[in-house]
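Colleague: Please take one part of this model and describe it closely, residue by residue. I should like to follow its surroundings and then see how other segments compare in setting.

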Amino acid sequence: FFRSPSLLSLAPPFLSCPADRGQMFTSVVIAGVDGLGGWYLGRCAEPTVMPYFHSLRTTPTETTTPLFSTLTARTVYPPISAPAWASILTGMTPDQTGIVDNDWPDINPSALTKATHFLKKLLSTSTPAPLPKEDLTPPLPHHTCNFSRTHPTTCLHLVADHFPEGRIAMFSCWPWVPRLLPSDVARPHQFHAYTVLHQDTLVVSRFVSHVRTTPVMPRVTFLHLNDIDEAGHTHYWGTPGYYQAITHADARLRTIGEALSSRVRAHPQERILVIVVSDHGGSGENHWRMLPSHMEVPIALVEFSVPLAGSRLRCEVRPITTVLDIAPSVCAALGVPPGPGMRGRSALSWGEPAVPLVAHPVEAVESPPDGADDSSFVMVN
């Protein structure tokens with residue numbers, strides 16, 4: 001019963017990517033907008049409610065090139081924040097990651113067997129006999145990386161493995177998000193998390209300050225905004241209060257986009273891929289059902305760069321229909337092999353020859369700005 005995605009692609013059809021072509025972008029920024037339902041954007045005057053997002057995904061500018069966008073990509077089931085963001089960053093389904101709700105105390109997929117046993121009890125018409133050990137569904141083993149085996153392997157882990165001197169950054173107002181970073185990483189200098197509870201404005205301000213001052217952008221930055229989701233739970237999805245929160249989030253996206261445009265003007269050797277994505281929609285005050293209003297989410301891929309030698313990067317784009325394609329696309333953008341457990345496919349491939357990427361300099365570890373409270377800049381280790 002899901003509608004066919006309404007797709008916008010300014011690139012040629014998808015072709016396989018030659019293995020020797022390397023990375024397409026110098027860095028990737030994932031702008032995660034929690035609770036932004038594509039079903040609602042498709043039924044309102046999007047250019048009025050989200051004017052910047054609409055122009056970003058439809059209109060090229062001096063520093064931006066829309067690569068692909070849709071308002072009707074499908075999230076994973078259940079359409080709940082923790083399982084969805086885990087799937088977005090891993091390219092794996094909730095049954096693979098073992099993250100099935102927001103109350104997950106530890107990211108430990110062994111508990112999935114308990115959930116399976118509970119569901120079998122719930123669906124049984126009679127009191128079930130104890131399940132034999134071999135009847136319990138085992139969790140998918142987590143794939144090899146240089147970090148903790150108790151965490152699902154995200155695209156952040158894979159990129160960090162591929163670029164040992166690179167940095168990975170998270171900016172979030174929801175403390176659950178940094179749980180996706182391992183607590184016993186072998187190279188703790190690579191991972192940085194900045195969290196301010198329920199303060200999207202402060203999170204964006206910290207990100208913009210980082211973009212303006214850091215000598216080298218992190219290889220991957222995950223930015224999580226939560227105000228739309230809170231408005232849905234408070235005012236209900238589809239109400240004036242919900243749409244007002246969407247408009248406020250659009251203003252924050254504009255702030256992010258303007259900072260990145262200034263960044264690539266000042267550093268023309270950088271090519272930044274920005275992925276705007278949501279985790280779920282909703283209806284009433286919740287989001288857990290398999291309904292279009294819960295399952296349909298927007299996705300947009302935009303290149304931020306200044307043309308060098310009269311040419312932009314020539315990459316080809318395959319339409320995205322599921323959030324599972326985000327993690328493989330991040331890997332492909334940076335020339336990183338995808339994880340073996342990823343269910344999604346990369347949306348990006350090489351097109352015509354492009355201007356070679358300038359070598360990425362050694363990336364220094366960022367410190368908090370002078371006078372800043374060190375407690376607000378958390379090293380995850």
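Modeller: I begin with a single pairing: Gly32 stands opposite His224 in β6. The model is a predicted one, in which local features need pLDDT of at least 70 and side-chain atom pairs pLDDT 80 or more, whereas totals for chains, interfaces and linings use all residues. Residues are numbered from 1 along each chain as its sequence is written, and side-chain values rest on heavy atoms, without hydrogens or water.

Gly32 introduces strand β2 (residues 27-33), which runs parallel to β6 and is joined to it by six bridges. A second partner of β6 is strand β4 (residues 168-172), paired in the parallel sense over five bridges. Here Ala169 is the residue that stands opposite Thr221 in β6. (Pairing requires at least two DSSP bridges between the strands; strands are DSSP E runs of at least two residues and helices H or I runs of at least four, numbered from the N terminus.)

The strand β6 itself covers residues 220-225, and six of its six residues are buried, so it is largely enclosed by the rest of the structure. (Buried means under 20% relative accessible area, exposed over 50% and partly exposed in between, with a 1.4 Å probe and protein chains only.) Val220, Phe222 and His224 point one way from β6, while Thr221, Leu223 and Leu225 point the other way, and both sets are buried. His224, opposite Gly32, and Thr221, opposite Ala169, thus belong to opposite sides of the strand.

Helix α12 (residues 326-333) is likewise mostly covered, eight of its eight residues being buried. These are Ile326, Ala327, Pro328, Ser329, Val330, Cys331, Ala332 and Ala333. Just after α12, Gly335 adopts a positive phi of about 70 degrees.

A charged residue can be followed in the same way. Arg263 lies in helix α10 (residues 240-266) and is buried, with a relative accessible area of 3%. Its side chain reaches the backbone oxygen of Pro215 at 3.1 Å. Pro215 is also among the residues in contact with Arg263 once neighbours within four places in sequence are set aside; the others are Val211, Thr214, Val216, Met217, Glu270 and Ile272. (Contact means heavy atoms within 4.5 Å.)

Met290 offers another setting. This residue is found in the loop between β7 (272-277) and α11 (292-295), and at 39% relative accessibility Met290 counts as partly exposed.

Notes
A polar contact is a pair of N or O atoms within 3.5 Å; within protein, one must be able to donate a hydrogen and the other to accept it, and residues adjacent in sequence count only if both atoms are side-chain atoms.
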